[in-house]
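These are my notebook entries on a set of look-ups in one structure. I kept each entry brief and took the strands, the interfaces and the individual residues in turn.

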4 protein chains.
Amino acid sequence: MRVSVVGATGYSGVELLRLLLAHPEIELSKVVSHSSSGQRLSGVFPHLSGIIDDVLDGVNAEQLAEHSDLIFTATPAGVSHQLVPQWMEMGVPVIDLSGDFRLKDSGLYKTWYKKETAEEKWLQQAVYGLTEWYREAVAKAKWLSNPGCYPTCTLLGLAPLIEGGWIDPRSIVVDAKSGVSGAGRSVGLGTHFSEVNENLKAYKVGVHQHIPEIEQVLAEKLGEHVPITFTTHLIPITRGMMCTIVAQVVKQNASSESLHEAFRQFYEGEPFVRVRPLGRYPATKEVMGSNYCDIGMLFDDRTGRVTVVSVIDNLGKGAAGQAVQNMNVMMGWDERLGLMDTPLYP
Amino acid sequence: MRVSVVGATGYSGVELLRLLLAHPEIELSKVVSHSSSGQRLSGVFPHLSGIIDDVLDGVNAEQLAEHSDLIFTATPAGVSHQLVPQWMEMGVPVIDLSGDFRLKDSGLYKTWYKKETAEEKWLQQAVYGLTEWYREAVAKAKWLSNPGCYPTCTLLGLAPLIEGGWIDPRSIVVDAKSGVSGAGRSVGLGTHFSEVNENLKAYKVGVHQHIPEIEQVLAEKLGEHVPITFTTHLIPITRGMMCTIVAQVVKQNASSESLHEAFRQFYEGEPFVRVRPLGRYPATKEVMGSNYCDIGMLFDDRTGRVTVVSVIDNLGKGAAGQAVQNMNVMMGWDERLGLMDTPLYP
Amino acid sequence: MRVSVVGATGYSGVELLRLLLAHPEIELSKVVSHSSSGQRLSGVFPHLSGIIDDVLDGVNAEQLAEHSDLIFTATPAGVSHQLVPQWMEMGVPVIDLSGDFRLKDSGLYKTWYKKETAEEKWLQQAVYGLTEWYREAVAKAKWLSNPGCYPTCTLLGLAPLIEGGWIDPRSIVVDAKSGVSGAGRSVGLGTHFSEVNENLKAYKVGVHQHIPEIEQVLAEKLGEHVPITFTTHLIPITRGMMCTIVAQVVKQNASSESLHEAFRQFYEGEPFVRVRPLGRYPATKEVMGSNYCDIGMLFDDRTGRVTVVSVIDNLGKGAAGQAVQNMNVMMGWDERLGLMDTPLYP
Amino acid sequence: MRVSVVGATGYSGVELLRLLLAHPEIELSKVVSHSSSGQRLSGVFPHLSGIIDDVLDGVNAEQLAEHSDLIFTATPAGVSHQLVPQWMEMGVPVIDLSGDFRLKDSGLYKTWYKKETAEEKWLQQAVYGLTEWYREAVAKAKWLSNPGCYPTCTLLGLAPLIEGGWIDPRSIVVDAKSGVSGAGRSVGLGTHFSEVNENLKAYKVGVHQHIPEIEQVLAEKLGEHVPITFTTHLIPITRGMMCTIVAQVVKQNASSESLHEAFRQFYEGEPFVRVRPLGRYPATKEVMGSNYCDIGMLFDDRTGRVTVVSVIDNLGKGAAGQAVQNMNVMMGWDERLGLMDTPLYP
């Protein structure tokens, strides 16, 4: 199967290349970058020397459609909505890693992204690809909107609680922490080494564009819209994300054991979600370079609250890994194809 | 005034030395280390070469009392409670940076620290030195228990909300993040570079010994005991601490502006608490090497909750800095003496 | 083929596991750790949860021989020389990642390692496995001593210069820089996060045990012993090593172009050595998680010296990667089996 | 004395502010930034909140001359040579932290900086301010060119060897390593966090503009021009610089002891150069936030070479600290004024 990547010189794009190069069922067709078109890929990314020496293509929607059986778009916000509808019309499958097709309400997109996105007729056609919670829809999808890193990490931590009716959703407080690669490869003072290193920052407090994405999923699952508190922090690591989730438990006789068992059962058989033994909490490095989401939890009977710690590699399960997982599901392949690398530790 | 430091080869101890060396009103008398007794201080800490070349003394309570007008103890948990009562009996003022004298209930200490501490008659005599909230008591204190780093960072973020009756204390959720120097200078796998670097961990979830310390202060201020949710994380930086505090606002007509004004007024004239302008949040590096606590906040009218971001240098305001500040207040000196260094940035 | 790993809970050992788990021609037999015998591997290394849940075996030489067609020893200095001779006598192939079998002169070992090693009859039987420079010997080897990280990085940078007679070997000055994982997983103040982070140290200046290893290879290739200057530094990264090599060029009419061409030709067809285009120098991250050694160089006509910059992942080509490469060569398999992962970037 | 700072929003500039704020003999007059003119300083640098809330001035040479008894210029290369000659004509003392006045040969500047600088009549009037080696000239200077960070670190490591005739200057090989703040506050991919963190790079190999600066000083001291090998590396720390210097010893009967004694004597009484005991080598963190240069060395009798390890804080002794030290010497004040802070450790 011929697969193309648009936006290959961003961090999600180059991680996609790494995964696709090792995928047994596909061949890379076009590797596209708007900013570096015409340059040799190994010039932009010397780590790819001798592995893939292609010249980067510019964006040409028709040519891409012609040479691709599936297209990944890993472009900045505000770009893919200009490209994908053409491919929808042509019938070319797309997996979009940007935020453009995640919110089904284009007004909501405008409010939180401060930009325009596609018309809603297109938005509706894109399936939201949080694989573990939407696998059936993903399996039937032709156009897929890959979830954001924060929503993935948060929703996988919440899913067993929501599905099991364990918590009052109005009480959800999420403290989210991301490595700097999540901010992309575009330079700025906020990602300048000397400003970020040995530093810890809160950013976009109360206004992060992943908030409505999480709430949209919760609303769909709960049948009502519930606002959450979600605070984002920048941590001086390159890869890795942790969401620390707190919520009030409403089930009678809850205990750490019963909650843990609920998580264990919910994720039984899932190849990419690992529930830690009770009393153990995952660290981000334990999933680095992989598609895993690792989860630990505690019920605190002093407060009646549950604390869930959920970690992913923001470029793995938070972006390129989940995109490849979704491709596997869409194609009816073994979901694990190309994704079974052991995390790189230490 | 002759001042001695016990536990000088820990990180709080060596930070105390740095501050005391620059303090205009004191002279260093004894510099004591149990583990490195007999070694030259500049051998243990080469950064002190040519600055202070004393040989480290062993612990000799009587000799220390004789040569000191005030003693700082910066020892691990479970040590100072064996020393300080002797000095209390001799009438020598002490500022204890360990946890041994913070909890007034020795049973609570045993529950959370898994160790014994002093008898309660001694515990009662130690004033809890969160300077901004207990300045009058500090001014009269002879024996002072210096607050923990997490309680300092959290309680300074909560004080205006508690004093102003803004929030439901039962709703307090704190996500706390600390640099690794907070774990001290004793080696272990949990602070081994290759395990911590490029990694993000939650630890002591629900069982951190600073939880009862925070709740003790809140109980005293509120008149009732209220359990809080408090989750601690290890961040791969050396110095710096951030507490992200969320709570339900109960005041009518609250707004970011009114909350900000409450913080501004509460901390007006305080030399070491800086409230950021609305919409700005502090980063840990902005207080590095200083005694500042910087605070930003937001009222989210979607959820009715307030989010407070509070940062300190865990070795500064979180340990040695506040200890010196307390000494200044105890002595009736200008509270800022020896503490007006500009944070080291970048 | 059944392969066992002794010393699986060190960093080289756990990297070996990662590579062997993905290797198509072998199955893991015994996974052995002296220090963690009886523990579940995923308890020691949670990143292996759900991937390999074996209980760690203790060291039992006979049992290991029985269950293994090849044994990797990734033990601290001074251990494998006590184990390997038994397997030599039994005829079991071994690849030793420690320093015990690298120096053919046991007196030299004692001088530099301050320990004893095996008798010379055993030392002589172990082939030195710097694959690119000793491939023929490796192909015939049954007992292999895997090179140290520094010697690998240095000698691959020097080989084209030595073989081509470009430089005066008496003028070699190497400045070597290593990530902290090279110091292993044993804790100590020298690898304590707060001591290493944001810090840069020279260590073992003039006394590093890899010096005689490099000189032994050079002596063999040159026909005479030549001492080199080799200074080692600890860099606050987890993985990665760089050697900056300077030497006086003695060939007439040398130029950057002619030197570059010599490197290019020397490494033509090598799957794991990548020579950068002239004017480009490799960074350690460009080989992270891989078995590559990347090299750049410059001839400075102001001084008549060449500067070579050589980088590896100290746990990859510097340890586990090269060990697997050597296994592949020893077995007559495609040298690249299990080693073609793209470096993890960023 | 009224002192102004031009270029206050660069890292050297903001470090100058930190030092000048604590200096007992001066008052800050104008704080100037071309890029941030009109903004509040605490808006650009929140760590200065409550400390200095001035609005940044634009560059107005005449107004600056009028309000200043001494001007520091901490501007990028190619800026100060357009400003300083005016102040020279007006007779206003200047300490220039940029490279514009360091090379006395404007052709050399053009070759290495790829820019123009001032005419040579102005260049000649600026005294090169490597305090320890040029103290008498500094004491008489009115216009001072503050040395680069690499030249400071290298030349302080070489001075005792050169003055004592210990080494063959033609054999000097320097491996130089710098923290990222040395690259300034301007953003770019080369200082983007995710590209630098956990990475180690060589850069400007053979073409760094500090090479001719070092050679100019050596030429002046030796009476002949001698090219050196000098290779620069970027280390993922914010502050700190290390130069590892190797050279052939030519004195008979040299030993580590005799060399160490030579260093000790050369720097006896110097307040800011600390020679470590034999066998100990300095780490960058041991000088962080200070004006110290710490030095260790070894004579290797296997090779007949000396290895010197020299460290500074690149923003301290490598920039702002030495600039303040030079001001103190120029003014006839105690050289240590405002510079006696203990390094910030850990």
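**Entry 1. Strand pairing in chain D**

I began with strand β11 (residues 273–275) of chain D in this predicted model. β11(D) runs parallel to β12(D), and 3 bridges join the two strands. Within this pairing I found Val275(D) opposite Ile295(D) of β12(D).

I then turned to the partner of β12(D) in the antiparallel sense, which is strand β13 (residues 305–312) of chain D; the pair is held over 8 bridges. Leu298(D) has Thr307(D) in β13(D) as its bridge partner. The hairpin formed by β12(D) and β13(D) leaves 4 residues between the strands, and there I noted a positive phi near 70° at Gly304(D).

Is strand β12 (residues 293–300) of chain D enclosed or open? I counted 8 of its 8 residues as buried, so the strand is largely enclosed by the rest of the structure. I sorted its side chains by direction: Cys293(D), Ile295(D), Met297(D) and Phe299(D) point one way, while Asp294(D), Gly296(D), Leu298(D) and Asp300(D) point the other way, and all are buried.

**Entry 2. The nonpolar core**

I next looked up the largest nonpolar core, which has 435 residues. Among the residues with the most contacts inside it are Phe72(A), Phe72(B), Phe72(C) and Phe72(D), and Val306(D) is also one of them. As background, I recalled that nonpolar side chains tend to be buried together in soluble globular proteins.

I examined one of these residues, Phe72(C), for its contacts beyond four places in sequence. Phe72(C) is in contact with Val3(C), Val5(C), Val6(C), Leu16(C), Ile95(C), Leu97(C) and Ala323(C).

**Entry 3. Chain contacts and symmetry**

For the contact between chain A and chain B, I recorded 35 residues from chain A and 35 residues from chain B. On the side of chain A, at least two residues each come from β7 (173–178), α9 (193–196), β8 (201–203), β9 (229–234), β10 (241–248), β12 (293–300) and β13 (305–312). I classed the residues of that side as 15 nonpolar, 11 polar and 9 charged.

For chain B and chain D, the contact takes 27 residues from each of the two chains. Helix α1 (residues 11–21) of chain B gives the most to the side of chain B, with 4 residues. By class I found 13 nonpolar, 7 polar and 7 charged residues on this side.

How does chain B relate to chain D, and by what turn can one be laid on the other? A turn of 180° with a shift of 0.0 Å along the axis lays chain B on chain D with an RMSD of 0.0 Å. I entered this as the relation of a two-fold axis. The same surface serves both copies, since 100% of the contact residues of chain B recur in chain D. Of the residues of chain B, I found Glu198(B) closest to the rotation axis, with its C-alpha at 4.0 Å.

**Entry 4. Domains of chain A**

The domain assignment gives chain A a domain 1 (2–125) and a domain 2 (150–314). I noted 27 Å between their centres, taken over C-alpha atoms. Their contact takes 10 residues from domain 1 and 7 residues from domain 2. Helix α5 (residues 106–113) gives the most to the side of domain 1, with 3 residues. I divided that side into 5 nonpolar, 3 polar and 2 charged residues.

**Entry 5. Individual residues**

Lys114(A) has a positive phi near 60° and is not a glycine. I located Lys114(A) in the loop between α5 and α6 (120–125) of chain A. Why do I list Lys114(A) as exposed? Lys114(A) has 11 other C-beta atoms within 10 Å, and the limit for an exposed residue is 12 or fewer. In chain C, Lys114(C) likewise has a positive phi, of about 60°, and is exposed.

I placed Asp341(C) in the segment after α12 (316–331) of chain C. Asp341(C) is buried, because 22 other C-beta atoms lie within 10 Å and the limit is 20 or more. Not counting residues up to four places away in sequence, Asp341(C) touches Ala22(A), Gly289(C) and Ser290(C).

Pro346(C) is also found in the segment after α12 of chain C. I noted a cis peptide bond between Tyr345(C) and Pro346(C), with omega about 0°. In chain D, the bond from Tyr345(D) to Pro346(D) is cis as well, with omega near 0°.

Terms used: Residues numbered from 1 in each chain as written. Chains lettered and ligands numbered in written order. Predicted model: local features only at pLDDT ≥ 70, side-chain atom pairs only at ≥ 80, totals over all residues. Nonpolar A, V, L, I, M, F, W, Y, C, P; charged D, E, K, R; others polar. Least-squares fit on C-alpha atoms with pLDDT ≥ 70 in both. Domains from an automatic or database assignment. Pairing = 2+ DSSP bridges. Core = buried A, V, L, I, M, F, W, Y, C linked by C-beta atoms within 7 Å.
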